[in-house]
Amino acid sequence: MKKVIELQNIKRDFQVGEETVHALRGVSFTINEGEFVTIMGTSGSGKSTLLNTLGCLDTPTSGEYLLDGISVRTMSKPQRAVLRNRKIGFVFQSYNLWPHMTVYENLAFGLEIKKVPKNVIRSEIERGLKLVNMSGYEKKYPGQLSGGQQQRIAIARALLLKPSVLLLDEPFSALDAKIRAQMREELKRIQEELNITVVFVTHDQE
C-alpha cells in the first residue's frame with residue numbers, strides 16, 4: 001500500500017516571551033493512500049499545529065515529514081508552496097468562499113489559475129457539484145446558501161484540484177447537530193467514491 005504521509009519524530013516549539021512552548025513532542029505516524037484518519041483533541045492540544053505541518057504551512061523544529069515520498073522539512077517556503085498547491089486540498093471551518101462570486105466562479109477560480117481550458121473547467125465543475133449533491137446551484141452566491149451548502153461547495157472546490165491529501169480543520173463545527181451528522185456521512189461517501197486520502201481534525205468526540 002502506498003504511503004502518502006510519513007511523520008518521523010516531528011517536534012514543533014514556539015517561543016512565547018521567555019517561555020518555550022512544545023506544541024508537538026515527537027509525533028510519528030504513517031497514512032496510506034485512501035485512508036480516512038481523524039485527529040481528535042481539545043483546544044490547545046496541537047491539532048492545528050499538526051495540520052499546518054501536514055499542509056506545508058509550517059516547518060517543524062525537528063523530525064522528518066515525507067509527502068508522497070518527498071522530504072518537506074528542509075524545503076524553502078516557495079518550494080513548499082508549490083508542493084502544497086500540487087498535493088494538498090484544504091477545507092476550513094469558515095468555508096472561505098468569495099462572497100462576491102457565484103458558486104461557479106468560486107469553483108472555477110483555482111482551475112483558472114492552473115490555466116485549465118474553459119470547456120474542461122465547466123465539465124469538472126458539473127462533476128464536482130454532482131459529487132456533493134449541489135447540481136443546479138452554479139448561479140447562487142454564498143450568502144444565498146445555508147452553512148451546510150457552503151461547506152459542500154468548499155469541499156467540492158478542494159476536490160476539483162485533485163489533491164493527494166484532503167485536510168479538513170474542524171469543518172462542521174459551525175453547523176447544527178443534524179447537519180453535522182449529514183455532512184459526516186456525505187464526506188465519508190465522497191472519500192470512498194474517490195478513494196482519496198483524508199485527514200479530519202476535530203474536537204468533537206461524536
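**Notebook: pockets, sheet, helix and loops**

**Entry 1. The largest pocket.** I began with the lining of the largest pocket and noted that β6 gives the most to it, with five residues. I record here that the model is a predicted one. The space in this pocket comes to about 570 Å³. I listed its lining at 19 residues, and those nearest the centre are Asn-85, Phe-109, Gly-110, Arg-157 and Leu-161. I then asked which elements each supply at least two residues of this lining. They are α2 (77–87), β6 (88–92), α3 (103–113) and α5 (147–160). Sorted by class, the lining holds 11 nonpolar, five polar and three charged residues.

**Entry 2. The second largest pocket.** I looked up its volume next and found about 280 Å³. This pocket is lined by 16 residues, with Phe-172, Arg-184, Phe-200, Thr-202 and Asp-204 closest to its centre. Three elements, β3 (36–40), α6 (177–194) and β8 (197–202), each contribute at least two lining residues. Which of the elements gives the most to this lining? I found that it is α6, with four residues. By class I noted six nonpolar, four polar and six charged residues in the lining of the second largest pocket.

**Entry 3. The cavity.** I turned from pockets to enclosed space. A rolling probe the size of a water molecule shows where empty space remains between atoms. Searching the whole structure gives one cavity of 30 Å³ or more, and the largest cavity has a volume of about 30 Å³. Its lining consists of Val-132, Arg-152, Ile-155, Met-183, Glu-186, Leu-187 and Ile-190. I noted that α5 and α6 each supply at least two of the lining residues, and that α6 has the largest share, four residues. The classes are five nonpolar, no polar and two charged.

**Entry 4. Helix α2.** I returned to α2, one of the elements that line the largest pocket. Which residues of this helix are buried? I listed Arg-80, Leu-83, Arg-84 and Lys-87. Viewed down the axis of α2, these buried residues fall within an arc of 105°, so they line one face of the helix. The general rule helps here. An α-helix has 3.6 residues a turn, so residues three or four places apart point the same way. I then looked for what the buried residues of α2 pack against, and found β4 (62–67), β5 (70–71), β6 and β7 (165–169). On the face turned away from the buried side, I recorded the exposed residues Pro-78 and Asn-85. Asn-85 I had already met in the first entry, among the residues nearest the centre of the largest pocket.

**Entry 5. The open sheet.** I traced an open sheet of four strands in the order β2-β1-β4-β5, with antiparallel pairing. Its edge strands are β2 and β5, each of which pairs on one side only. Strand β1 (residues 3–16) and β4 run antiparallel and are joined by five bridges. I looked up the bridge partner of Glu-6 in β4 and found Leu-66.

**Entry 6. Thr-30 on an edge strand.** I chose Thr-30, which lies in strand β2 (residues 19–32). In sequence, Thr-30 and Val-4 are 26 residues apart, yet their C-alpha atoms are 7.7 Å apart in space. Leaving aside residues up to four places away in sequence, I found that Thr-30 touches Lys-3, Ile-5, Glu-6 and Glu-35. Glu-6 therefore appears twice in my notes: Thr-30 touches it, and Leu-66 in β4 is its bridge partner. I read the relative accessible area of Thr-30 as 39%, so this residue is partly exposed.

**Entry 7. Two loop residues with positive phi.** I noted that Asp-68 has a phi near 50°, a positive value in a residue other than glycine. Asp-68 sits in the loop between β4 and β5. I then looked at Lys-115, also not a glycine, whose phi is positive at about 60°. Lys-115 is placed in the loop between α3 and α4 (118–131). Is Asp-68 buried or exposed? At 18% relative accessibility Asp-68 counts as buried, because buried means under 20%. Lys-115, at 70% relative accessibility, counts as exposed, because the cut-off for exposed is over 50%.

Conventions: Residues numbered from 1 in each chain as written. Predicted model: local features only at pLDDT ≥ 70, side-chain atom pairs only at ≥ 80, totals over all residues. Heavy atoms only, no water. 1 Å grid on protein atoms, 1.4 Å probe; cavity = no way out; pocket = protein on both sides within 12 Å on 5 of 7 lines; lining within 4 Å. Points joined across faces, edges and corners; volume = space filled by probe spheres on them. Nonpolar A, V, L, I, M, F, W, Y, C, P; charged D, E, K, R; others polar. Buried < 20%, exposed > 50% of the residue type's maximum accessible area, 1.4 Å probe, protein only. Contact = heavy atoms within 4.5 Å. Arc of directions from axis to C-beta. Pairing = 2+ DSSP bridges.
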